[in-house]
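New to this one? Take a moment to look it over, and then we can walk through a few of its features together.

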Amino acid sequence: MLPNSLQYKPSKIESAILGVLCYFKLFDHPLKKAEIFCFSQEKVRAFAEFEAALTHLVELGVIHLTGKYYFLEEEMEVFIDSREEAYCNAQKSLKLAQKIARFIHCFPFVRAVFISGSLSKMSFPEGADFDFFIVTKTDRLWVSKMILAAFKRVFLFNSKRYFCINYFVDEEHLEIPDRNVFTATEICTLLPVVGKGVYSELLKANSWVYDYFPNYKEKEWAVSDRSLFKRIGDFFEWPLSGKLGNKLDLYFMDVTYARWRKMYLDEMPSDQFDLAFRTTRGISKNHFKNYQFKVLKKYSDQVNKTEKVYQENYAKNISR
């Protein structure tokens, strides 16, 4: 424990920089300067001040710089090459993911499809899954989800490699209830493929993400128009547009939730289960590894560890 006189604290901008690097360290992901700026939780009014804070942290030895990449610990330097490879693989895989997203959009009741997961961050290791965030028509989320799940089971033999669809919301439930750095990062890195208007509404409904990332700017992305195949898919919505569709939607929700409880409730506390398997009429989230909870716990531990490193390095620096 350092004496009270040596309990040095980083500036607000330095703390924000360290927070970004702490978060992405959990994924062995070195960052470029522009990425740190984007995900900083402190509003940067003068970029020169931001650059000065980066330089100071490097000089203190709290963070490290190799080439164009910043990272917390020297051991992370080995991940620069793998990050470059993952970026190249993301560029190669993006077109295929966009085609799959457009295909998903053709299914009944699907209103928008966004690329999520590692590919949305342009870091896509070999063998990673293609993740999609899907927005459906109101009160038809579970019908839409079951149609897509049936397609995956029958035609893709239940493989999620190219068809990982584990987060759905409907048009009236665009606001994500979990407000934390994990969900803010996931929302800000979504890549819209179809549903430009829905994408804008999603960001408006989740304007709280700017509290976490005040320097973030909405990305420009090529968003597809409606296709002939989508109009054909819309035709098949008609039989389920009335009472039958309502009953089926509620039935599929209840059956799915009961199945998840049977399979996973014993593996985690009930409050964590409700977080990992959020199930309402307008939201379906199933992350059986409870990834969000684990990431946030590790993130908190890493921030505390890094603050101690800062204090120790600062004390050594002024004692010279």
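What follows is a short tour of a helix pair, some salt bridges and two backbone oddities.

Before we start, keep in mind that this is a predicted model.

**Two helices that cross**

Let's begin with helix α1, which covers residues 12–25, and helix α13, which covers residues 291–318. Their axes come within 9 Å and cross at roughly 130°. Angles over 145 degrees would count as roughly antiparallel and 65 to 115 as roughly perpendicular, so α1 ends up oblique to α13. As for the hand of the crossing, α1 and α13 make a right-handed one.

Which residues do the touching? On the α1 side you'll find E14, L18, G19, C22, Y23 and K25, and these meet V295, Y299, Q302, V303, T306 and Y310 of α13. Sorted by character, the residues of this contact come out as 7 nonpolar, 3 polar and 2 charged.

**Salt bridges**

Now for the charged side chains. Side chains of opposite charge can pair when their charged atoms come close. In this model there are 14 salt bridges. Here are three of them, with the distance between the N and O atoms.

| Pair | N to O distance |
|---|---|
| E73 and K305 | 3.2 Å |
| D178 and K285 | 3.4 Å |
| D301 and K297 | 2.8 Å |

Start with the salt bridge between E73 and K305. E73 sits in the loop between β2 (69–71) and α4 (79–105), while K305 belongs to helix α13, so this pair ties together parts that are 232 residues apart in sequence. How exposed are the two partners? E73 has 24% relative accessibility, so it counts as partly exposed. K305 is partly exposed too, because its relative accessibility is 45%. This pair also has company: K25, E73 and K305 are linked in a network of salt bridges. You've met K25 already, as one of the α1 residues in the contact with α13.

Next comes D178, which forms a salt bridge with K285. D178 lies in the loop between β5 (164–170) and α7 (181–188), and K285 lies in strand β7 (residues 283–285), so the pair joins parts that are 107 residues apart in sequence. Are these two buried or exposed? D178 is buried, with a relative accessible area of 9%. K285 counts as buried as well, at 2% relative accessibility.

The salt bridge between D301 and K297 stays within one element. D301 and K297 both lie in helix α13, 4 residues apart, which is about one turn of the helix. D301 counts as partly exposed at 39% relative accessibility, and K297 is partly exposed at 45%.

**Two positive phi angles**

Finally, have a look at the backbone in two loops. Where is F109? You'll find F109 in the loop between α4 and β3 (110–116). F109 isn't a glycine, yet it has a positive phi of about 75°. With a relative accessible area of 0%, F109 is buried.

The other spot is D139, in the loop between β4 (131–136) and α6 (141–155). D139 also has a positive phi, near 65°, in a residue other than glycine. Is D139 buried or partly exposed? D139 is partly exposed, with a relative accessible area of 29%.

Technical notes. Residues are numbered from 1 along each chain as its sequence is written. This is a predicted model: local features need pLDDT of at least 70, side-chain atom pairs count only at pLDDT 80 or more; totals for chains, interfaces and linings use all residues. Side-chain values use heavy atoms; hydrogens and water are left out. Axes are lines fitted to C-alpha atoms, for helices over the stretch in contact, and angles run from 0 to 180 degrees between N-to-C directions. Angles under 35 degrees count as roughly parallel, over 145 as roughly antiparallel, 65 to 115 as roughly perpendicular and the rest as oblique. A crossing is left-handed if the near helix is turned anticlockwise from the far one by less than a right angle, and right-handed if clockwise. Contact means heavy atoms within 4.5 Å. Ala, Val, Leu, Ile, Met, Phe, Trp, Tyr, Cys and Pro count as nonpolar, Asp, Glu, Lys and Arg as charged, and the others, Gly among them, as polar. A salt bridge is a side-chain nitrogen of Lys or Arg within 4 Å of a carboxyl oxygen of Asp or Glu. Buried means under 20% relative accessible area, exposed over 50%, partly exposed in between (1.4 Å probe, protein chains only).
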